Amino acid sequence: MAKYLIMLCCWLWVAVAQAASVAVFPLQELGEGRNDANLELTRELARELTRGDHPVVAVDTVLAFMAHNRIRTLGHLESYHISRARTDLGAAYVLVGTVSQRRERPEPSLGLTLNLIRTSDARTVWTHVGCVSTSEERRLLGIGEPRTIAGLQRILLAEFKQEWPHHLLRTVQAGGSSVLLDMARVEPRQLRPGEELRSQARLRELWTGNYQPQVSFEVDGRTYPAKLDDDGRTYSGNWPAQEDDGSYPVNLLIEWPDYQRSEKVPLGDYRVDGSAPVVAMELRGVQQIDGEAVFNRQVAIIPRLLVRKPLSRWRLAFYAESGNLIGDMEGEGSLPEQFVWEGRSSYGRADDGRYRIVLNVWDLAGNPARAEHWLGLNRSLPKVAATLESHQDAFQVDLSHEGKVPLDFWRMELWTREGKLIVRREGQELPVSVALGGADLDDLQGFVFARDVLGNQLRQDVRELLPALVQPVAAEAEEEEQRVLSERWVDEF
Amino acid sequence: MNSDTLGMPRSSVLYLLIMLVVLVLAGCAGRNQLPLQRQMAPLPPQPICSIAVLPFANDSDYLMADAIASKVFASRLQDAGHYLLTQAGDIQRAYRQLAIMPGSSPDLNQLQIIGGRLNTRLLITGSVLEMREDRGDHGSINPFMVLELAIRDGSSGEVLWTTFHRRQGSEYKKTMHFGSIHTVTGLSRQMADEIITLWFRKGLVPCNL
């Protein structure tokens, strides 16, 4: 039952919303002169239309309109006034007409011509000529014959009602306002609760003097004053956004107290959004060392919106451990799929150290969100130390790792000067001791290779790594040189 | 019935019957001849949509005969042809601008100006030559009207077609008192319909806009 009631209400609403309003102008009555009015029949016609569910502009309002526009003649209108009826009265149609005859003697008779004019183009779209007299209404048995003008008028109204073009009036644009706008602006379209909203509308029509309408902005059942600009047709206003999230349509409310008329013109809508977006960052290409992400060449920063919503802008910034900004980038709209940082700052190559990455985003309403991450940059080479130990005739090299970044791989190879391999060892962890046996240290050549988990690589000559291997040879050479010099000096001496 | 009882020969009765039929037919033929139309020049090329029905002149003694006839005629023309009829208010303004007094008819020069200002293809002028309300049967009114219309070129004002029509309400009587027209408005409507029907038959085309 409730469903049918709702459907009936909807149907009635649509029926009323789709009907176009009609302004019934006072009927001219041709009698002794051309400018008599028949207000009684005019009001009857308006009442008939109202009974037929047609919105009708009140006759008194039409009279006020005629007075304001100095319309002194009846039965017809100039195109200009027809157009004004649309803008001032909101009438889609005007009905003008003439009582062509109305007399009691020698027999009651009544004649009426009506013209229905569309105000959008000032075109006559329907006409009606009605006439009736008691002689024409005679019946065979004489029962129910009208004998007075009032009786004839009822017949004429019934005829009018029957011929009225309902179809024409129902095909007018549903709910359309007759007030035309040259410009409408609502800014911003998305904002946070309590922020200031600005709206502006310029009407095409210009009303002057006492006919200036009272204009205000209407939102969510509340009205806000509109200020008229110097051009006489632009209205501006501002008001704080609602506290509750949601979409709010803005209407321009135009009222003409003299005509008891008000028009509501939709200007647009705005959305109040008080919920901030939720953003996070994921780092790829890093190693977790002592609970902290560290990289050496490049790191991929992948931003993620945990609650999807459109963004207006974003900013990615890098800070040194001291808090100094070393570089940033920003953009509008959605976030890129990923950022790649190669360890560069705005002044060049960034030093090894700890950095803070901060990602800020703002949604369309301006709600901010932030995500940050600490990140270590380490480009230093693995640090391998070696010591040479001798046990009787055998030698042993002890290798150890002194860096903070764990090693991924290491290798040591030693040869004689002739290229004979003495030892080759490799592994993943240090320290380790490598026995050399009774190798001749003077002939020893080779290298130590190490690569840490970040990919930093070290290849170092074993003679640089073990200065002890070089010192005896150097001492011998010096001794030899001194000996040669001494001998030469002795010879010369 | 025997013709001898009427005291006249059979041939005389036959003659009277023939005369009666001829008279009836002649009467019908006479009625069907109206309205009379005369074409001075062809209408402008089709389509014709913008038409202005100018205020008629009143050469009768009936007060407001011109207003009744012109308003009814404009309404019926609009209804039949869906033309873009110039609003009567705009026509009145043009008359005021040219200082043409109510009841006066514009001359050819003024018609040209009016046609130009109203931007119409055709102008329709008219004159109510006679309008009166005679007494009919049983105290009823028997209206009588004589109307002359002209279709004029909208730019030159020259007459293209003229139409003459004359009717009285009792001419439409069918059975007993039924069918008769007892109001000048009703007679104006009937005559307007007959004139418009004739115009359509002669080549005026309704507007389809």
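**Helix packing, pocket lining and a disulfide in the predicted model**

Among the elements that cover the buried residues of α5(A) are α2 (39–51), β5, β6 and β7 of chain A. The model described here is predicted. The buried residues of α5(A) are Ile149(A), Gly151(A), Leu152(A), Gln153(A), Leu156(A), Leu157(A) and Phe160(A). Helix α5 of chain A comprises 15 residues (149–163), for which a rise of 1.5 Å a residue predicts a span of 21 Å; the end C-alpha atoms are 21 Å apart, in agreement with this value. Cys131(A) is likewise classed as buried, because its relative accessible area is 8%, under the 20% cut-off.

The largest pocket encloses about 880 Å³ of space. Its lining consists of 44 residues, of which His76(A), Pro55(B), Lys71(B), Ala88(B) and Gln92(B) lie closest to the pocket centre. Two or more lining residues are contributed by each of β5 (93–103), β6 (109–118) and β7 (123–133) of chain A, and by each of β2 (50–53), α2 (65–81) and α3 (88–97) of chain B. The largest share, seven residues, is supplied by α2(B). By residue class, the lining contains 21 nonpolar, 19 polar and four charged residues.

One disulfide is present over all chains. It joins Cys49(B) and Cys207(B), with the sulfur atoms 1.9 Å apart. Cys49(B) is located in the loop between β1 (36–39) and β2 of chain B, and Cys207(B) in the segment after α5 (184–202) of chain B; the bond therefore ties together parts that are 158 residues apart in sequence. The torsion about the S-S bond is about 90°, so the disulfide is right-handed. Both Cys49(B) and Cys207(B) are buried.

Key:
Residues are numbered from 1 along each chain as its sequence is written. Chains are lettered from A and ligands numbered from 1 in the order in which they are written. This is a predicted model: local features need pLDDT of at least 70, side-chain atom pairs count only at pLDDT 80 or more; totals for chains, interfaces and linings use all residues. Side-chain values use heavy atoms; hydrogens and water are left out. On a 1 Å grid over the protein atoms alone, a cavity is a set of points where a 1.4 Å probe fits but cannot get out, and a pocket is an open set with protein on both sides within 12 Å along at least five of seven lines; lining residues have an atom within 4 Å of a point. Grid points are joined across faces, edges and corners, and a volume is the space filled by probe spheres set on the points. Helices (H or I, at least four residues) and strands (E, at least two) are DSSP runs, numbered from the N terminus. Ala, Val, Leu, Ile, Met, Phe, Trp, Tyr, Cys and Pro count as nonpolar, Asp, Glu, Lys and Arg as charged, and the others, Gly among them, as polar. The expected span of a helix is 1.5 Å times one less than its number of residues. Buried means under 20% relative accessible area, exposed over 50%, partly exposed in between (1.4 Å probe, protein chains only). Contact means heavy atoms within 4.5 Å. A disulfide is a pair of cysteine sulfur atoms within 2.5 Å.
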